[in-house]
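Here are a few exercises to work through with the model open. Try each task before reading its solution.

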Amino acid sequence: VQLQASGGGLVQAGGSLKLSCAASERTSSRWNVGWFRQAPGKEREFVAGIRMSGSISYVDSVKGRFTISRDNAKNTMYLQMNSLKPEDTAVYYCAAGRSVLLSDSSVYGYWGQGTLVTVSS
């Protein structure tokens, strides 16, 4: 599967952005999908993910602010980010894999190219 992430940009703290990840094939019945981010000088970290079953997981730091969703008809995954903070600044990546361990980046076999989110204070 090929993934194409988009939607990043510059936003002020407290603002919102919606990231999209378009897949080259249907993901809902074949792939667990997730969003990761990597800030300068830091390791890539899990943000949110959806399993084929539909169950969702978030990292604690984004709970209540970010919402992951999937449009099966469009083969597209989204990450709605509200109440953005400067510490959310990072390159955001979408990924697809077979494992239900959504937070483990090593189990994902396919990655999008990343989209930069910059939150100014």
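**Exercise 1: a glycine and its surroundings**

Find what Gly-109 touches, leaving out residues up to four places away in sequence.

Solution. Set contact as heavy atoms within 4.5 Å; the partners are then Ala-96 and Gly-97. Next, check Arg-98, 11 residues along the chain from Gly-109: the two C-alpha atoms are 8.1 Å apart. Last, look at accessibility: Gly-109 has a relative accessible area of 55%, so the residue is exposed (over 50%, 1.4 Å probe, protein chains only).

A word on the input: this is a predicted model, where local features need pLDDT of at least 70, side-chain atom pairs count only at pLDDT 80 or more, and totals for chains, interfaces and linings use all residues. Residues are numbered from 1 along each chain as its sequence is written, and side-chain values use heavy atoms, without hydrogens and water.

**Exercise 2: an open sheet**

Work out the strand order in the open sheet of four strands, then say which strands stand at the edges.

Solution. Start with the order, S1-S3-S8-S7, paired antiparallel (strands are DSSP E runs of at least two residues, numbered from the N terminus; a pair needs at least two DSSP bridges). The edges are S1 (3-6) and S7 (66-71): each has a single partner strand, so one side of each has no neighbour in the sheet. Now zoom in on S1 and S3 (residues 17-23), which pair over four bridges. Within this pairing, Ser-6 has Ser-20 of S3 as its bridge partner.

How values were computed:
Buried means under 20% relative accessible area, exposed over 50%, partly exposed in between (1.4 Å probe, protein chains only).
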